Amino acid sequence: MKLSHALFLSIPLVTAIATHSDDAAACGGCFPPQDESTQVTGHRMIFSVSQTSTTLWDQIEYSGDPSSFAWILPIKGQVQVGLSSDAVFAVLSERTATNIFAPPLNCPPPPECWDSWGSGSSGAGGAAGGPDSGVDIITQEVVGPYDTVQLSSADPGALKTWLTTNGYNIDADIGPIIDAYVGEGFDFLALKLVPGQGVSSMRPVSITSAGAGVTLPLRMVAAGTGAFAPMTLWIFGEGRYETKNFASFEINPADIVWNWDANESNYATLKDDAFKAAENANWLNQYAQPTSPWDIRSRLEQLVNFLPDQSGYGDPQDGWVTAMDELNADLEKMFGGINESSLWLTRINAELARASLNKDLALGAATSQTPVSNFFQATKAIGTAPSCPSYPPCDPGTEDPGSTSGGSWWGNLGDGKPNGSSSSSCAVSNGTETTAALGLVGIALGLSVARRRKGRK
């Protein structure tokens with residue numbers, strides 16, 4: 001289930017794919033066999049822009065189980081196709097997830113007793129074109145479980161004939177889009193599963209092109225989508241990025257209201273209302289912060305070191321010795337060429353109506369280089385707030401006489417339970433973002449801590 005990439009003068013389109021439940025994913029146009037009913041239900045992409053190269057990973061989930069996976073991506077010139085892992089998306093999803101905190105309850109803190117120090121819980125914290133076909137084969141190779149072919153043609157009719165002959169079903173409404181891309185000088189990358197490979201073997205794919213590019217070919221995304229195309233895009237670059245030819249917005253913290261009875265906020269409603277107000281033709285700025293490559297690298301390295309067979313990298317036939325090499329190659333595409341002191345991670349989200357997929361997405365440096373936080377503290381509430389907790393007193397002689405802790409913030413920043421929630425925050429995110437890979441990262445980190453503690457004994 002996963003990936004894709006494209007640019008304007010250096011435009012590679014990437015399609016990534018990998019197993020995640022029973023779905024498969026990619027970015028670009030989905031072209032299933034005519035007897036299959038497949039619909040794209042979500043796209044997740046990672047876009048890295050430097051002065052020397054551009055790479056886009058795209059994760060798209062779709063319903064159905066096509067017997068022959070097929071994906072077509074507009075590109076400019078020859079691109080490099082590589083394999084990635086679902087764990088990358090899992091780490092970025094967790095790293096940038098929106099968190100809403102309930103209003104503080106102004107509850108008194110529990111008493112601090114000398115014998116209780118350290119005892120508390122921290123909480124859950126292809127075929128050849130042929131000389132007369134009108135289609136040139138730029139390159140053809142097998143990448144992991146995929147047959148990939150890069151095509152060039154000045155004749156859209158010949159190109160569509162080649163694609164149809166080689167198992168790519170072209171719907172009537174997609175034909176004109178391909179014609180337009182050909183007229184604009186685009187080439188195409190086509191991917192299919194190698195015969196005999198199943199959905200369980202699918203992995204994300206990265207597409208890298210030389211030079212900096214800031215345009216994504218959204219028109220091709222219309223292939224295989226329904227009425228709406230949910231999208232999440234992470235951007236690595238020098239500074240904050242934003243959309244340039246689509247409207248964008250941010251959630252106003254003052255509009256967030258916490259519902260004590262439902263134990264949730266109205267964040268999702270605010271987001272949906274803003275999308276509908278713009279006829280689902282806008283993007284939400286969800287997160288933008290300076291970041292360090294080590295913040296992402298360290299977690300993925302932990303996963304590869306402790307659970308290489310479940311990291312999404314490497315080959316079991318070589319004992320997973322290539323897992324770290326594959327990870328390093330992936331991260332080099334993500335961070336190579338970007339000045340670390342200027343590195344930002346931006347996350348934007350959309351639920352684009354099919355009618356909005358009539359133009360490609362242009363990105364650029366944000367007018368305002370101010371951070372966008374993914375943490376919100378609600379100041380308004382409805383419903384019945386939970387009662388403050390009651391704590392037993394300290395045993396005689398165990399009181400901490402110097403303690404002055406407490407105050408209005410304890411209800412939300414203590415053990416996380418007084419506000420009626422089982423954790424210290426209410427994370428608002430799409431359910432599909434909670435992936436098995438993210439759980440594996442947590443396991444790997446837990447193992448790391450356990451081993452460190454063991455070494456200190």
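Let's start with how helix 1 and helix 5 sit relative to each other in this predicted model. Helix 1 covers residues 86-96, and its axis comes within 10 Å of the axis of helix 5, crossing at roughly 130°. That angle is why we call the two helices oblique to each other. As for handedness, helix 1 passes helix 5 in a right-handed crossing.

Who makes that contact? From helix 1 we have Ala-87, Val-88, Val-91, Leu-92, Glu-94 and Arg-95, and they meet Asp-295, Ile-296, Arg-299, Leu-300 and Leu-303 of helix 5. Sorted by class, there are seven nonpolar residues and four charged ones, with no polar residues in this contact.

Now please stay with helix 5, which runs over residues 293-306, and turn to helix 6, residues 323-335. How do these two run relative to each other? Their axes also come within 10 Å, and here they cross at roughly 165°. Angles over 145 degrees count as roughly antiparallel, so helix 5 and helix 6 are described in just that way. Their crossing is right-handed.

On the helix 5 side, the contact is made by Pro-293, Ile-296, Arg-297, Leu-300, Glu-301, Val-304 and Asn-305. Helix 6 answers with Ala-323, Met-324, Leu-327, Asn-328, Leu-331 and Phe-335. This contact divides into nine nonpolar, two polar and two charged residues. If you have the structure open, try clicking on Ile-296 and Leu-300: they touch helix 1, and they touch helix 6 as well.

In case you are wondering about the choice of numbers, two packed helices are described by the angle between their axes and the distance between the axes.

Before we leave this part of the chain, have a look at the loop between helix 5 and helix 6, where you will find Trp-320. Its phi is near 65°, a positive value in a residue other than glycine. Is Trp-320 buried or partly exposed? With a relative accessibility of 24%, Trp-320 counts as partly exposed.

Asn-280 makes a nice companion to that tryptophan. It sits in the loop between helix 4, residues 267-277, and strand 17, residues 282-290. Asn-280 has a positive phi too, near 55°, and again this is a residue other than glycine. Asn-280, however, is buried, because its relative accessibility is 9% and the cut-off for buried is under 20%.

Next, the cysteines. How many disulfides does the model have? The count comes to one. The partners are Cys-107 and Cys-388, and their sulfur atoms lie 2.1 Å apart. For anyone new to the term, a disulfide is a covalent bond between the sulfur atoms of two cysteines. The link of Cys-107 and Cys-388 is left-handed, with -85° about the S-S bond.

The surroundings of the two partners are worth a look. Cys-107 has 2% relative accessibility and so counts as buried. Cys-388, on the other hand, has a relative accessible area of 37%, which makes it partly exposed.

One last stop, and this time we are in a strand. Leu-189 belongs to strand 9, residues 187-193. With a relative accessible area of 0%, Leu-189 is buried. Which residue should you look at alongside Leu-189? Try Leu-151: the two are 38 residues apart along the chain, and their C-alpha atoms are separated by 6.3 Å.

That's my tour, so thank you for listening, and I'm happy to rotate the model for anyone who would like another look.

Methods:
Residues are numbered from 1 along each chain as its sequence is written. This is a predicted model: local features need pLDDT of at least 70, side-chain atom pairs count only at pLDDT 80 or more; totals for chains, interfaces and linings use all residues. Side-chain values use heavy atoms; hydrogens and water are left out. Axes are lines fitted to C-alpha atoms, for helices over the stretch in contact, and angles run from 0 to 180 degrees between N-to-C directions. Helices (H or I, at least four residues) and strands (E, at least two) are DSSP runs, numbered from the N terminus. Angles under 35 degrees count as roughly parallel, over 145 as roughly antiparallel, 65 to 115 as roughly perpendicular and the rest as oblique. A crossing is left-handed if the near helix is turned anticlockwise from the far one by less than a right angle, and right-handed if clockwise. Contact means heavy atoms within 4.5 Å. Ala, Val, Leu, Ile, Met, Phe, Trp, Tyr, Cys and Pro count as nonpolar, Asp, Glu, Lys and Arg as charged, and the others, Gly among them, as polar. A disulfide is a pair of cysteine sulfur atoms within 2.5 Å. Buried means under 20% relative accessible area, exposed over 50%, partly exposed in between (1.4 Å probe, protein chains only).
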